[in-house]
Amino acid sequence: MNIKPLADRVVILPSPAEEVTVSGIIIPDSAKEKPLKGKVMATGNGTKDEEMVLKEGDTVIYGKYAGTEIEYAGEKYIIMRQSDVLAVVCE
């Protein structure tokens, strides 16, 4: 990845929204719930006060309104502070 976040920020690739159909009715993209889980694609170095504990490849859960959405090379990513990440999923 050619994006290198600064300080305590991370770049996350959100998990795809699940397709939901209700008896033949297809729910449009605008009505789908945003995914709250994703994969860490890149991390900053942390700050002198906060060490970076996340690493590339971690699957994380984050807040519903956390971060800033960006589009890069045809993919949608979210850049957020490490403190906006709620948990790391241990698989």
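Is D58 buried or exposed? Select D58 to start the tour, keeping in mind that the model is predicted: with a relative accessibility of 11%, D58 counts as buried, because the cut-off for that label is under 20% relative accessible area.

Keep D58 displayed and add K55, since the two residues form a salt bridge in which the closest N and O atoms are 3.2 Å apart. K55 itself counts as exposed, at 52% relative accessibility, so in this pair a buried aspartate meets an exposed lysine.

Next, select D8 and R81, which form a salt bridge whose closest N and O atoms are 2.8 Å apart. D8 is found in the segment before β1 (9-14), while R81 belongs to strand β7 (residues 75-81), so this contact ties together parts of the chain that lie 73 residues apart in sequence. If you colour the pair by accessibility, D8 counts as buried at 7%, whereas R81, with a relative accessible area of 37%, is partly exposed. With this pair and the previous one on screen, you have reached the total, for the salt-bridge count comes to two.

For the last stop, turn from charged side chains to nonpolar ones and select L36, I61 and L86, which together make a nonpolar surface patch of about 260 Å². Within this group, centre the view on I61, which lies in strand β5, spanning residues 59-62. I61 counts as partly exposed, its relative accessibility being 34%, and this value fits its place in the patch because patch residues need over 30% relative accessible area.

Key
Residues numbered from 1 in each chain as written. Predicted model: local features only at pLDDT ≥ 70, side-chain atom pairs only at ≥ 80, totals over all residues. Heavy atoms only, no water. Patch = residues over 30% accessible without salt bridge, like charges linked within 9 Å, V, L, I, M, F, W, Y side chains within 5 Å. Areas by Shrake-Rupley, 256 points an atom, 1.4 Å probe, with all protein chains shown as cover. Salt bridge = Lys/Arg side-chain N within 4 Å of Asp/Glu carboxyl O. Helix = DSSP H or I, 4+ residues; strand = E, 2+ residues; numbered from the N terminus. Buried < 20%, exposed > 50% of the residue type's maximum accessible area, 1.4 Å probe, protein only.
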